[in-house]
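Here are my notes on the model you sent. Please read them with the structure open.

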Amino acid sequence: MNHMDTDSHTKTLYREMGISREVYEYGEAVIRRLQERFEQIDRTTEYNQLKVLRAMQKNQVSEACLLGTTGYGYNDLGRDTLESVYADVFHTEDALVRPQITCGTHALALALMSNLRPGDELLSPVGKPYDTLEEVIGIRPSKGSLAEYGVTYRQVDLLEDGSFDYEGIRRNINERTRLVTIQRSKGYQTRPTLSVERIGELIDFVKKRKPDVICMVDNCYGEFVEEREPGDVGADMVVGSLIKNPGGGLAPIGGYIAGKRECVENAAFRLTSPGLGKEVGASLGILKDFYQGLFLAPSVTAGALKGAVFAANVYEGLGFPVVPDGSESRHDIIQAVTFGQPEGVIAFCRGIQSAAPVDSHVTPEPWDMPGYDAKVIMAAGAFVSGSSIELSADGPIKPPYAVYFQGGLTWHHAKFGILKSLQSLMDAGLVERGALL
Ligand SMILES: *Cc1c(COP(=O)(O)O)cnc(C)c1O
């Protein structure tokens, strides 16, 4: 078979899998314009692949590291070595990487609760944090929140143009300010994601005002998108979820906190128990997936990133507001598309669901998800339940009716998902055929 045959067979399969000729051709035209962007992504991936490999070699990851412990998990070589590998990848002194950290919110809550004491104040200089953190902090009253333990909170919003409100930040740092939380990704908002460079500028500013303040970065969705990570620009703690980028799609659970030795130690004492810290916590049989997932993570992240760039260009071309826009530089794998009406969010998510390898026959519906203040619709047909490094989309059913798309373990799957979403919008009458020409 020559490549012409393969192309025509591929087209036939797209058709048989529900993609109309117009949608397919529209997608191909978009991709032709993206070659340079994709090459740039590949260059970053190459760097990050080497970075991860070098960390594994340096720490002498061995076959024995892939096995697990049970019970208390004393002297778990694989777990301890993995934590050193993470510390090297993120250029931090130490790291806590555990299956006992149940999700990203848990990792962030752990980092906060273990490093703050009653009477301390927490500051977010980048606006409202991720929805689930509202209850951790106590912005929305909640049992066990930081507020219940006497930790107060201040927030300084970004300025209209997305820049830091340095004057406001200066005013809101006081003698009680102990920890500054900086969310890299936009989360469920339409503000720009912060580049590692901008995070570094903010940390510099904060540390000049108050050198002993702990700067924590919520790194969810940002890992391996750039060459540098927040630890390279002065962050004291870098926190994320293993069912996002760094788990490479293979980690079935888990979170990480990489950072200063003392911060990581505090987190370990809180996760397990004072006195025990990092010494306990059996890894069970999970380490091989943690290692292999981290090894694949740069390349999996690249596939997701290409999908996000493709989605931006597909929907921007049809006149929908997209954040980031089709040409701007990327600092996370999330793509927001604003539809302005609930039907658009729902049709998009149903299209993504129908592209999944698992549960493609299921129709997602908006529901009251714990931790969120509006109904949310989620599309995910994933090998790991709820994994958002796999092809997924979610949108709160509230204005501006934006959908947040992310993931795809491979670029070609991400591409298929976006084509399916567009097909779903067309089938629902929300995009005119003429718009694709
Ligand atoms: C996903 C995410 C979280 C929370 O992670 P979960 O694993 O869903 O609990 C926190 N912050 C940001 C920016 C995220 O994207």
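Where is the place of P324? P324 sits in the loop between β8 (322-323) and β9 (335-338). Keep in mind that this is a predicted model. My points follow.

1. Start with the cis peptide at P324. The bond joining V323 and P324 is cis, with omega at about -5°. P324 itself belongs to the loop between β8 and β9.

2. There is also a cis bond from P399 to P400. Its omega is near 10°. P400 is placed in the loop between β11 and β12. Both of those strands come up again in point 4, as part of a pocket lining.

3. Look at the backbone of H91. This residue is not a glycine, yet its phi is positive, about 55°. H91 lies in the loop between α4 (77-89) and β1 (94-98).

4. Now the largest pocket. About 780 Å³ of space lies in it. The lining takes in 38 residues, and those closest to the pocket centre are M369, Y372, M378, G386 and S388. Which elements give two or more residues to this lining? They are α5 (104-115), β10 (376-380), β11 (392-396) and β12 (402-406). By class, the lining splits into 19 nonpolar, 14 polar and five charged residues.

5. Helix α5 also packs against another helix. Its partner is α9 (residues 261-271). The angle between them is about 105°, and the axes are 8 Å apart. Angles of 65 to 115 degrees count as roughly perpendicular, so α5 is roughly perpendicular to α9.

6. Which residues of α5 meet α9? On the α5 side they are H106, L110, M113, S114 and N115. The α9 side supplies E262, C263, N266, A267, R270 and L271. Sorted by class, this contact has five nonpolar, four polar and two charged residues.

7. Next, the packing of α10 (residues 287-316) with α12 (residues 411-427). The angle here is about 25°, with the axes 8 Å apart. Why call the two helices roughly parallel? The cut-off is an angle under 35 degrees, and α10 and α12 are therefore roughly parallel to each other. The crossing of α10 past α12 is right-handed.

8. The contact itself is easy to trace on screen. From α10, pick out G303, K306, G307, F310, A311, V314 and Y315. Facing them in α12 are W411, A414, K415, I418, L419, S421, L422 and L425. These residues divide into ten nonpolar, three polar and two charged. The two charged ones are K306 in α10 and K415 in α12.

9. Last, the enclosed space. How many cavities of 30 Å³ or more does the structure hold? It holds one. About 40 Å³ of space lies in the largest cavity. Its lining is made by K11, Y14, R15, I19, S20, R21 and Y24. Two elements, α1 (3-16) and α2 (21-32), each give two or more residues to that lining. α1 gives the most, with three residues. By class, the cavity lining has three nonpolar, one polar and three charged residues. The charged ones are K11, R15 and R21.

Note on methods:
Residues are numbered from 1 along each chain as its sequence is written. This is a predicted model: local features need pLDDT of at least 70, side-chain atom pairs count only at pLDDT 80 or more; totals for chains, interfaces and linings use all residues. Side-chain values use heavy atoms; hydrogens and water are left out. On a 1 Å grid over the protein atoms alone, a cavity is a set of points where a 1.4 Å probe fits but cannot get out, and a pocket is an open set with protein on both sides within 12 Å along at least five of seven lines; lining residues have an atom within 4 Å of a point. Grid points are joined across faces, edges and corners, and a volume is the space filled by probe spheres set on the points. Helices (H or I, at least four residues) and strands (E, at least two) are DSSP runs, numbered from the N terminus. Axes are lines fitted to C-alpha atoms, for helices over the stretch in contact, and angles run from 0 to 180 degrees between N-to-C directions. Angles under 35 degrees count as roughly parallel, over 145 as roughly antiparallel, 65 to 115 as roughly perpendicular and the rest as oblique. A crossing is left-handed if the near helix is turned anticlockwise from the far one by less than a right angle, and right-handed if clockwise. Contact means heavy atoms within 4.5 Å.
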